[in-house]
Amino acid sequence: TVILIEPCFLNLWLHIIVMKSQMKPEKKYQELLDNINSAIAIYEVSQNGQDFIFKYFNKQAEKIDNIPKENLLGQSVLKIFPKIKDFGLFAIFQKVWATGIPEHFPVCLYEDNRLTAWRENFVYRLSTGEIVSVYTDETERYFVRDVLRKSKEQLDLILNNFNGFIYTVSRDYKIKFMNKALIDHLGYDAIGANCYELLHGFSDKCPWCLGNKVFSGETINFENQSPKNKRWYYYIASPGLDSEGKISGQQVIAIDINDRKIAEQMMEENQKKLQLENRLLKSASTNRYGLGDIIGQSIKMQEIYNLILEVASSDASVFIYGESGTGKELVANAIHTLGKRKDQSFLPVNCGGIPDNLVESEFFGYKKGAFTGANIDKSGFLEIADKGTLFLDEIGEINLNMQVKLLRAIDGNGFIPLGSNLPVKTDIRVIAATNKDMDMLVKKGFMRSDFFYRINVVPIHLPPLRKRREDIAFLIYHFLKRFNRGKTLPHIPPNIMTALENYDWPGNVRELQNIIHRYITLNRLDVFDSFGAERDKSLAVQEIELNIGDDVHNLQDAMKNYENKIITHYLQKNQWQQGKVASILGMNRKTLYSKIKKHNIIKS
């Protein structure tokens with residue numbers, strides 16, 4: 001059994017032992033000293049006082065120096081260990097012998113500039129005048145301590161250079177440790193503060209805190225957005241142990257993942273956008289004759305459908321151009337219905353139908369008492385359409401003053417209802433429409449250029465019905481089905497269908513819809529009455545009859561002359577649209593073409 005005794009207590013031990021043995025240790029004391037884990041050597045001063053003589057040392061000293069005891073006893077220290085002066089131990093002996101004050105002297109032994117041993121030396125002077133050297137081989141402890149020191153330095157380096165926050169808290173959520181990154185982030189060391197108050201601004205522990213699970217021994221991982229700086233963090237909370245191995249708090253690592261989270265959200269939004277576009281394309285491909293309530297299979301309309309699908313998934317402002325009756329509101333509604341705002345309101349506004357003195361209150365709303373008759377608060381168009389789509393039909397009718405205010409509101413700066421002093425901000429998508437030449441309105445100063453360019457992000461030009469005649473028959477069939485309510489569809493004679501297809505339709509799809517609706521309602525198709533063609537025909541006959549002249553000598557010549565004038569009259573009246581003229585005159589186009597050649601009728 002080896003007895004472990006701290007060196008600081010050896011002076012007392014040795015004094016008692018040596019005094020009792022009178023420098024001749026008895027066997028029982030010798031056995032005790034040999035089993036002490038420290039090396040012990042006793043020296044006496046030489047006669048000249050310049051050296052020390054080995055008088056005694058125990059087994060531990062013999063093991064450390066690896067020299068047999070019989071070769072050392074009675075020998076000079078300087079003779080056996082001449083280099084003892086080089087590292088100062090001999091000077092320590094002399095100092096202790098002269099002053100009687102104990103000294104502590106660590107000795108480091110090197111080979112090839114590498115530390116190989118570490119010895120802790122304690123030198124004492126006994127009352128008898130001998131010098132006692134007690135030294136312990138601390139090499140193993142030194143290297144363990146060095147490893148621990150280096151580990152601590154590395155840990156400190158990691159903690160202080162870690163690109164994230166590391167902190168520990170007690171069971172009552174008091175901060176006990178903060179790494180440099182967290183201190184720099186806060187601007188000061190906040191040891192002792194409540195973590196929930198310091199980091200997130202709460203008056204009590206965070207709603208998402210899982211401290212109870214951590215205190216029970218679990219390690220928790222989660223993501224959360226800090227309400228204080230609105231940034232996303234990834235948290236790892238693990239139990240913190242005290243010196244006895246008991247859970248005393250939490251160790252928390254918080255890594256800023258805001259950039260990654262934003263990227264993930266953008267990817268998710270893009271994925272949803274792609275899914276939406278895919279759904280829209282699939283829904284569009286299931287009906288090659290139209291998109292929603294918009295009917296037509298012509299190439300021009302297919303181009304319109306593709307443009308609607310492209311713009312529907314965005315929030316860009318759209319400007320729809322087209323003559324009256326071309327379906328501008330249907331297109332606007334399709335963009336809204338196919339977009340991400342489809343679950344919100346779609347509010348169409350006829351800008352031309354609002355008196356100038358009411359336009360501001362209609363758009364921005366008003367508060368009770370703002371003017372005579374304002375008995376209640378009323379929301380304006382912008383507030384009603386919040387989160388949805390505002391369709392401004394005939395936007396060219398809005399006055400310049402209102403254009404300035406609308407531009408500010410659309411740009412996100414908000415508006416102030418009449419009778420209020422608090423601004424209101426809304427999130428709306430604007431779709432505008434007109435049948436006017438907007439470029440001309442801008443040039444003439446009736447439309448502000450900044451307002452026009454703000455809403456004219458994506459222009460859509462709807463063709464008039466006369467520019468897509470191949471859709472007329474299909475539109476007729478569509479309206480017959482709609483208005484006939486499931487009954488057998490009525491027959492339309494080929495010559496009447498030809499007349500409908502050749503008509504210019506100045507009222508476009510709306511006019512065609514009304515003609516078919518009247519046909520279903522009255523059970524007759526008053527095509528020529530509707531077009532005014534029958535009236536024009538009778539007037540034309542009267543005009544021709546009055547201008548036959550007296551140069552016709554027989555019936556055959558009169559009929560040729562009469563036919564020539566009728567055909568010429570209708571060709572000129574209808575801008576030489578031969579298909580339309582053939583329908584009016586009740587003949588096919590081939591026959592009309594033959595008569596034009598026969599009478600040598602030339603377009604003038």
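Which residue in β19 does F319 stand opposite? F319 faces P459. The model is predicted, with local features requiring pLDDT of at least 70, side-chain atom pairs counted only at pLDDT 80 or more, and totals for chains, interfaces and linings using all residues. Residues are numbered from 1 along each chain as its sequence is written, and side-chain values use heavy atoms, with hydrogens and water left out.

**View 1. An open parallel sheet of 5 strands.** The strand order is β14-β17-β18-β13-β19. Strands are DSSP runs of E, at least two residues long, and helices are runs of H or I, at least four, both numbered from the N terminus. Two strands pair if DSSP finds at least two bridges between them. The edges are β14 (346–350) and β19 (458–461), each pairing on one side only. Neighbouring strands are turned by 20 degrees against each other on average, direction ignored. These angles come from axes, lines fitted to C-alpha atoms, and run from 0 to 180 degrees between N-to-C directions. β13 (residues 318–321) pairs with β19 in the parallel sense over 4 bridges.

**View 2. Salt bridge between E223 and K261.** A salt bridge puts a side-chain nitrogen of Lys or Arg within 4 Å of a carboxyl oxygen of Asp or Glu. The count for the model is 22. Here the N to O distance is 2.8 Å. E223 sits in strand β8 (residues 220–225) and K261 in helix α10 (residues 258–285), 38 residues apart. Buried means under 20% relative accessible area, exposed over 50%, and partly exposed in between (1.4 Å probe, protein chains only). K261 is buried at 15%, whereas E223 is partly exposed at 32%. Both belong to a salt-bridge network with R260 and E264.

**View 3. Two salt bridges on helix α15.** K405 meets E360 at 2.9 Å, N to O. K405 lies in α15 (residues 400–413) and E360 in α13 (residues 359–364), 45 residues apart. K405 is partly exposed at 29%, and E360 is partly exposed at 24%. R454 meets D411 at 2.7 Å, N to O. R454 is in helix α17 (residues 449–455) and D411 is in α15, with the two positions 43 residues apart. R454 has 25% relative accessibility; D411 has 43%.

**View 4. The largest nonpolar core, with 31 residues.** A nonpolar core is a set of buried Ala, Val, Leu, Ile, Met, Phe, Trp, Tyr and Cys residues joined through side-chain atoms within 4.5 Å. F363, L390 and I395 have the most contacts inside this core. Helix α15 gives the largest share, 5 residues. Apart from this core lies another, of 23 residues, including M301, I308, L309 and V331. L390 touches residues including L347, V349, F363 and F381, not counting those up to four places away in sequence. Contact here means heavy atoms within 4.5 Å.

**View 5. Cysteines without a disulfide.** A disulfide is a pair of cysteine sulfur atoms within 2.5 Å. The count is 0. Why is C206 not bonded to C195? The C206 sulfur is 6.1 Å from that of C195, its closest cysteine sulfur, which is too far for a bond. C209 is also in no disulfide; its nearest cysteine sulfur, in C206, is 6.2 Å away. C206 is buried at 9%, while C209 is partly exposed at 23%.
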